[in-house]
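User: I'm new to this structure and would like a close look at a single part of it, the sheet. Could you walk me through how that part is put together and what packs around it?

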Amino acid sequence: MKRQGSETSTAERRLRARICQLVERAAMIKGSLSVRATVCGKPSCRCARGEKHRSVCLVAYDRGGIRQQHVPHARVKEVKGWIAIWWEVTELLEQLSRRQWRSLKSR
Ligand SMILES: [Zn+2]
């Protein structure tokens, strides 16, 4: 894609390549993990004696509402990875936008 009147610098090409690579190949998800301590209600359970169950939930603001999803313990690490990729792509897009702001100012 060619943009009018601007030379794409090496740094910007690298930035765009990294974004493309991540978007093409990596799983990503917007949200954050929230750890909750819950009580199941069974009187004989350890949670009734104060040792609460820990459950992990993925939470995100989506279309004006809050979206939540339980994450099984076995998948927490994987989901953390997806969240990290989401933030990396978001940060790279921010950098691209900053460059564009600067280019607008310098013309
Ligand atoms: Zn319990």
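Analyst: Let's start with the sheet itself: it is an open one made of 3 strands, in the order β1-β2-β3, with antiparallel pairing. Keep in mind that this is a predicted model. The strands at the edges are β1 (32-38) and β3, each of which pairs on one side only. Ignoring direction, neighbouring strands here are turned by 35° against each other on average.

As background, the strands of a sheet pair through backbone hydrogen bonds, and they can do that in a parallel or an antiparallel way.

Now take the two pairings in turn. β1 and β2 are antiparallel and share 7 bridges. One place to look is Ser32, whose bridge partner in β2 is Val59. Right beside that, Leu33 stands opposite Leu58 of β2.

On the other side, β2 (residues 53-62) runs antiparallel to β3 (residues 65-71), and 7 bridges join them. You can pick up the residues you just met: Leu58 has Gln69 as its bridge partner in β3, while Val59 stands opposite Gln68 in β3. So if you follow Leu58 across the sheet, you find Leu33 facing it in β2's pairing with β1 and Gln69 as its partner in β3. 

How do β2 and β3 connect? They form a hairpin with 2 residues between them, and Arg63 in that turn has a positive phi of about 50°.

Next, the surroundings of the sheet. Helix α2 packs on it, touching β1, β2 and β3, and the direction of α2 makes about 145° with that of β1. In sequence order the chain reads α-β-β-β-α, with 2 helices and 3 strands in total.

α2 has a helical neighbour too. Helix α1 (residues 10-25) and helix α2 (residues 76-106) pack at an angle of about 150°, and their axes are 10 Å apart. The two helices are therefore roughly antiparallel to each other. The crossing of α1 past α2 is left-handed. On the α1 side, the residues making this contact include Leu15, Ile19 and Leu22, and on the α2 side they include Val89, Leu92 and Leu96. Sorted by class, the contact has 10 nonpolar, 1 polar and 5 charged residues; among the charged ones are Glu12 and Arg16 of α1 and Glu88 and Arg99 of α2.

Finally, step back to the whole chain. Its C-alpha trace spans about 70 × 25 × 20 Å along the principal axes. The radius of gyration is 21 Å, whereas a compact globule of 107 residues would have one near 13 Å.

Notes. Residues are numbered from 1 along each chain as its sequence is written. This is a predicted model: local features need pLDDT of at least 70, side-chain atom pairs count only at pLDDT 80 or more; totals for chains, interfaces and linings use all residues. Side-chain values use heavy atoms; hydrogens and water are left out. Two strands pair if DSSP finds at least two bridges between them. Helices (H or I, at least four residues) and strands (E, at least two) are DSSP runs, numbered from the N terminus. Axes are lines fitted to C-alpha atoms, for helices over the stretch in contact, and angles run from 0 to 180 degrees between N-to-C directions. Angles under 35 degrees count as roughly parallel, over 145 as roughly antiparallel, 65 to 115 as roughly perpendicular and the rest as oblique. A crossing is left-handed if the near helix is turned anticlockwise from the far one by less than a right angle, and right-handed if clockwise. Contact means heavy atoms within 4.5 Å. Ala, Val, Leu, Ile, Met, Phe, Trp, Tyr, Cys and Pro count as nonpolar, Asp, Glu, Lys and Arg as charged, and the others, Gly among them, as polar. The radius of gyration is taken over C-alpha atoms; the globule rule is 2.2 Å times the number of residues to the power 0.38.
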